[in-house]
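The following exercises are intended for a reader who meets this structure for the first time. Please attempt each task before reading its solution.

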Amino acid sequence: MTRFQCVALAALLCSGLVMRLGWWTGLIVIWAGFFLLLGLGVALPHWRYFGPFICAGHTQQPQVALTFDDGPDLRSTPKLLEVLRHHQVEAAFFAIGCKVAAAPALANQILRDGHLLENHSFAHSYATNLFPARKLTADLKAAQRTIEKHTGTTPRYFRPPVGLSNPNTFRVARALRLKVVGWSIRSLDTRQSDPERVVRRIMRRVKPGAIILLHDGGIPADQLTATVQLLLAKLREQGYEIVRLDRMLT
Ligand SMILES: [Zn+2]
């Protein structure tokens, strides 16, 4: 039973009780609390409110995983791959299906370099979390099929656009044999263009098992490579090893 299901059951039972007592204010309080928790559950992946959202590795070793969202992007991903190759780092790329279709050679290069290429939806709609189950299934399947068709690889992980989730997210992902992955450190690199600030924010929050969220899609190549180079230097300075997401989760 998920936390959401437990809370829903408790809300129903308490509602029955306060209705018997005729305490109508209590009823309002219960359902206001229910919807407040629902909203927080949607927005906060690490709450694991609706299902098994993977937001960190269970390791005590000084290991972290790098993840890059919203690519592949012909303007920035090739430069990023050069940096990762130079530092012998393997990362996880949560790719948008339609971008894989637009840049299949780059998607294959990501895999040839030893990185993971995973599912970040087909169209990256900001309304994904409002999709009914059938539409969500179609979108995720389209991303799976596109990645399979162009690279021969089947993703095993799904990261919902913007990290929002609901009970359908987990039901649909499970049916497609996908594990839902979030993050423990959000770099905010799409809002903050100064690499030093982005890295400082990450380093303040870093701990063993951290999953670090960065973006290769929509970020200028120079900004992205400067951020990653600085981040790798700081992580290694503090004794952290950068491991591929799947290896950190096993
Ligand atoms: Zn995204």
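Five exercises with worked solutions follow.

The model is predicted: local features are taken only at pLDDT of at least 70 and side-chain atom pairs only at pLDDT 80 or more, whereas totals for chains, interfaces and linings use all residues. Residues are numbered from 1 along each chain as its sequence is written.

**Exercise 1. The domains**

Task: State which domains the protein is assigned and how far apart their C-alpha centres lie.

Solution. Step one is to read the assignment, which gives domain 1 (3-43) and domain 2 (63-249). Such bounds come from an automatic or database domain assignment. Step two is the distance: 36 Å separates the C-alpha centres of domain 1 and domain 2.

**Exercise 2. Two helices in contact**

Task: Describe how helix H1 and helix H2 pack, and determine which residues make the contact.

Solution. Helices (H or I, at least four residues) and strands (E, at least two) are DSSP runs, numbered from the N terminus. Two packed helices are described by the angle between their axes and the distance between the axes. Axes are lines fitted to C-alpha atoms, for helices over the stretch in contact, and angles run from 0 to 180 degrees between N-to-C directions.

First, H1 covers residues 3-21 and H2 covers residues 24-43; the angle between them is about 170°, and their axes are 9 Å apart. H1 is therefore roughly antiparallel to H2 (angles under 35 degrees count as roughly parallel, over 145 as roughly antiparallel, 65 to 115 as roughly perpendicular and the rest as oblique).

Next, H1 contributes Phe4, Val7, Ala11, Cys14, Ser15, Val18 and Met19 to the contact, and H2 contributes Gly26, Leu27, Ile30, Trp31, Phe34, Leu37 and Gly41. Two residues are in contact if their C-beta atoms, placed from the backbone, lie within 7 Å.

Finally, the residues of this contact comprise 11 nonpolar, three polar and no charged. Here Ala, Val, Leu, Ile, Met, Phe, Trp, Tyr, Cys and Pro count as nonpolar, Asp, Glu, Lys and Arg as charged, and the others, Gly among them, as polar.

**Exercise 3. The buried face of H3**

Task: Identify which residues of helix H3 are buried and what covers them.

Solution. A residue is buried if 20 or more other C-beta atoms lie within 10 Å of its own, exposed if 12 or fewer, and partly exposed in between, with C-beta atoms placed from the backbone. In H3 (residues 77-86), the residues Thr77, Leu80, Leu81 and Leu84 are buried. Viewed down the helix axis, the buried residues of H3 fall within an arc of 100°, so they line one face of the helix; the arc is that of the directions from the helix axis to the C-beta atoms. Their cover includes strand E1 (63-71), helix H5 (104-112) and helix H9 (221-237).

One covering element can be examined further. Leucine 224 lies in H9 and is buried, with 27 other C-beta atoms within 10 Å. Among the residues that leucine 224 touches are Ser76, Lys79 and Leu80, not counting residues up to four places away in sequence.

**Exercise 4. Backbone exceptions**

Task: Find where a cis peptide bond occurs and which residues have a positive phi.

Solution. Most residues other than glycine have a negative phi, and most peptide bonds are trans. The bond from glycine 71 to proline 72 is cis, with omega near -5°, and proline 72 is in the loop between E1 and H3. Aspartate 70, in strand E1, has a positive phi near 75°; aspartate 70 counts as buried, with 23 C-beta neighbours inside 10 Å. Glutamine 88, which follows H3, has a positive phi near 55°. Leucine 188 has a positive phi of about 60° and is placed in the loop between strand E6 (185-186) and helix H8 (195-205). With 14 C-beta neighbours inside 10 Å, leucine 188 counts as partly exposed.

**Exercise 5. Surroundings of serine 121**

Task: Decide whether serine 121 is buried or exposed, and which residues it touches.

Solution. Serine 121 lies in the loop between strand E3 (116-119) and helix H6 (133-151). The count of 22 other C-beta atoms within 10 Å makes serine 121 buried. Leaving out residues up to four places away in sequence, serine 121 touches Ile96, Gly97, Thr128, Asp139, Leu140, Ala143 and Pro161. Serine 121 and phenylalanine 158 are 37 residues apart in sequence, and their C-alpha atoms are 7.6 Å apart in space.
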